[in-house]
Amino acid sequence: MVSTGQNTTAGALRHVLGHLLTPLLMCLGMGLAYLGAFHAPQPHDLRVDIVGSGPATQVLAQTLQDKAAGALDVRTVPDRATAATALTRQDSYGAYIPGDHPELLVASASSDTSAMAVEKVFTQVAAGQDAPLKVTDLAPTAAGDPTGQGVFFLLVAVSIGAYASVAVIGAAGAALPMRLRALLAAGTSLVVSLIGTLFAGPVFHLVDHGLAGVWALSWLYAAGILLIGVGLHTYLRRWTTLGVMVLFVMLNFTSSGGIYRPELQPGFFGSLHAFWNGAGLVEGIRSHVYFDGHALGGNVLVLALWFLAGAVLVTLAGRTEARRAAASGPAREPLASGPRKADAETGDGTGLKTEKETEEKARKEAKEEEMEETVAV
């Protein structure tokens with residue numbers, strides 16, 4: 001005969017094992033995403049220019065193209081001005097000017113790791129000509145962000161503030177109307193974006209101008225995450241944190257271009273870079289701060305579409321909750337009246353006890369859900 005204590009232990013063990021699934025899936029997802037995206041960066045179709053128009057320039061370009069075997073996309077441009085324009089428009093990531101005193105033009109604000117990869121290639125080319133290579137950075141980063149990766153870590157800070165708030169608003173605020181939860185999401189995103197702007201400017205000096213634009217982009221980004229997360233909570237419940245982490249950490253950080261641009265990553269993450277919201281924030285800030293707003297409109301559009309998706313999802317979630325409430329309302333009434341009638345007839349209190357047990361169970365499940373989401377964050 002199995003004792004009550006053994007039943008309790010077995011039930012608790014099953015409960016723990018069931019809840020362990022979430023962190024184990026997070027471990028699996030984070031490992032696949034981060035190691036898959038970052039463990040072995042290799043250039044592919046990385047655009048570089050050779051400045052000049054003579055036969056020697058054409059031979060050098062073709063030789064580099066053949067030796068690179070797909071790693072580089074080597075083109076020729078007629079003069080330095082054309083090469084500089086391509087760099088500042090982020091159409092290329094290096095421009096080599098051959099001669100007795102060879103020079104390499106880069107724009108490290110576009111991507112420091114891409115600039116380093118290009119510099120490594122052309123340092124070897126210049127060494128083959130027995131000439132030292134001069135490197136000129138046409139778009140250096142701010143003094144407070146010498147590696148150019150500060151924008152990526154700003155993305156991390158704003159993302160964590162946003163998706164962690166989803167767990168609080170979704171679980172602790174589940175009893176609130178969806179309209180009020182949406183307002184909380186908008187207000188929280190404002191606070192998160194202001195904190196991020198303080199980090200970017202007065203605290204760490206990641207950017208030296210354009211703080212208003214950095215704030216606007218950060219708010220649009222954070223608001224999109226919060227609205228999507230709050231809307232998803234209606235459908236995913238205790239799996240919301242995992243779902244939000246997949247969207248806005250695993251796939252988001254790895255495709256943002258903050259560490260490696262798509263030209264140095266596997267194709268899957270490079271393809272996400274074109275439309276994921278983290279890339280919209282990182283590239284939007286780079287464009288706004290360092291490249292005179294070139295291509296900023298496309299990045300703002302990406303962030304706006306994610307925000308719109310969040311607004312639509314919250315609207316649908318609100319309607320879903322209203323339908324659920326309407327459907328469950330009539331069902332509760334007979335159940336509530338039935339036991340009370342029985343109590344009045346029998347006087348044993350069984351129906352009232354059952355009702356209290358049901359309410360207690362619901363509160364316990366809600367509390368466990370909230371605790372699991374908080375621990376997952």
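**Notebook: chain, cores and cavity**

I began with the contacts in the chain: among those between residues at least 6 apart in sequence, 75% join residues at least 24 apart. I note that the model is a predicted one.

I then looked up the secondary structure, and the chain comes to 12 helices and 5 strands. I checked burial next: 44% of the 377 residues count as buried. For the accessible surface of the chain I recorded about 18900 Å², with 66% of this belonging to carbon and sulfur atoms.

I turned to the nonpolar cores. The largest holds 67 residues, and the members that touch the most others are Leu154, Leu155, Val214, Tyr221 and Ile285. I asked which element gives the largest share of this core. Helix α7, spanning residues 211-236, does so with 11 residues.

I followed one of these residues, Val214, further. Leaving aside residues up to four places away in sequence, I listed what Val214 touches: Leu154, Thr197, Ala200, Val207, Ile285, His288 and Val289. I also noted a second, separate core of 19 residues, with Val48, Ala68, Val106 and Val118 among them.

Lastly I looked for enclosed space. A search of the whole structure for cavities of 30 Å³ or more returned 1. I recorded a volume of about 40 Å³ for the largest cavity. Which residues line the largest cavity? I found Leu87, Ser92, Tyr93, Ala107, Ser110, Ser111, Ser114 and Ala115 in its lining. Sorted by class, the lining has 4 nonpolar and 4 polar residues, and no charged ones.

Note on methods. Residues are numbered from 1 along each chain as its sequence is written. This is a predicted model: local features need pLDDT of at least 70, side-chain atom pairs count only at pLDDT 80 or more; totals for chains, interfaces and linings use all residues. Side-chain values use heavy atoms; hydrogens and water are left out. A nonpolar core is a set of buried Ala, Val, Leu, Ile, Met, Phe, Trp, Tyr and Cys residues joined through side-chain atoms within 4.5 Å. Buried means under 20% relative accessible area, exposed over 50%, partly exposed in between (1.4 Å probe, protein chains only). Helices (H or I, at least four residues) and strands (E, at least two) are DSSP runs, numbered from the N terminus. Contact means heavy atoms within 4.5 Å. On a 1 Å grid over the protein atoms alone, a cavity is a set of points where a 1.4 Å probe fits but cannot get out, and a pocket is an open set with protein on both sides within 12 Å along at least five of seven lines; lining residues have an atom within 4 Å of a point. Grid points are joined across faces, edges and corners, and a volume is the space filled by probe spheres set on the points. Ala, Val, Leu, Ile, Met, Phe, Trp, Tyr, Cys and Pro count as nonpolar, Asp, Glu, Lys and Arg as charged, and the others, Gly among them, as polar. Accessible areas come from the Shrake-Rupley method with a 1.4 Å probe; for residues, only the protein chains shown count as cover.
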